[in-house]
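Me: I'm new to this one. Could you take a close look at the backbone for me, and walk me through the spots worth pausing at?

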Amino acid sequence: MAWRCSAPTNAGLIDNLTTANILSTPRIIAAMKATDRAHYSPRRPYDDAPQSLGFGATISAPHMHGHALESLAPMLRPGASVLDIGSGSGYLVAVFSKLVRPGGKVVGVEHIKELNEAAERRFVAAEGTLAKELLQKGEVVFQTADGRRGCPGEKFDAIHVGASIPVVPEVLIDQLKSPGKMFVPVGDVNEDQYIYEYTKDAEGHLTRERLFGVSYVPLGDVEYYYARGRKLVE
């Protein structure tokens, strides 16, 4: 079971996710091993469970990150563009950036300014000079904005949504390239939620597949999170 994948180290965690058949793509496994969760999860980084970031927000459990990366793997190639909505800790932005280099672009959109600034600091602390170069060239972008609007004016090969929404906005579907793929939890916070894959083929035809049930925090107004506390977990 996924919740049994916890380990004392990052490498052990990724090995357990692989043994549990959550991870199977060598490039994904290598990128996750090269991105130590301890840089992005302030507490208990190798527990396979969500961890608080403050403001009522969480970093998703490692097995959910694994499912998302495996789902989007066909789109995560060098030169690809990725949108990470509700980017929170910045962890997936870091993993995505490894998978789409060279020539790719990753945009992390986070509604909470304090979380977004902390994510960029963590990315620089973890990746050093390379992170500064990627940020300077615009190949990695941390944007404070309402993720429900996506990233207006751009289109992406892959879109990951890290918080639940009752209905997928048309604007996000429009921002998906052809071909392209989106991984998104759908459902109200107090109702059943499910992961859906939205896939566009080369002709722009859209298909939707329900994968499995989940429990995510909502992709809501910033006031929703501020009402749950204005302290960053560090």
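Reply: Sure, let's go through the backbone spot by spot. Keep in mind that this is a predicted model.

Let's start with the cis peptide bonds. Arg 101 and Pro 102 are joined by one, and its omega is about -5 degrees. To find Pro 102, look in the loop that runs between α4 (91-100) and β4 (105-110). Another cis bond leads from Ser 178 to Pro 179, where omega is near 0 degrees. Pro 179 isn't in a loop segment like the one around Pro 102: Pro 179 sits in strand β7, which covers residues 176-186.

Next come the phi angles. Arg 44 has a positive phi, near 45 degrees, and Arg 44 is a residue other than glycine. You'll see Arg 44 in the loop between α2 (26-33) and β1 (51-54). How exposed or buried is Arg 44? Its relative accessible area is 57%, so Arg 44 counts as exposed, the cut-off being over 50%.

Now follow the chain to the other end of β1. Phe 55 is in the loop between β1 and β2 (57-59). Phe 55 also has a positive phi without being a glycine, and here the angle is near 60 degrees. Its surroundings are another story: Phe 55 has a relative accessibility of 2%, and because buried means under 20%, Phe 55 is counted as buried.

To put those two together, Arg 44 is exposed, whereas Phe 55 is buried.

Notes:
Residues are numbered from 1 along each chain as its sequence is written. This is a predicted model: local features need pLDDT of at least 70, side-chain atom pairs count only at pLDDT 80 or more; totals for chains, interfaces and linings use all residues. Side-chain values use heavy atoms; hydrogens and water are left out. Helices (H or I, at least four residues) and strands (E, at least two) are DSSP runs, numbered from the N terminus. Buried means under 20% relative accessible area, exposed over 50%, partly exposed in between (1.4 Å probe, protein chains only).
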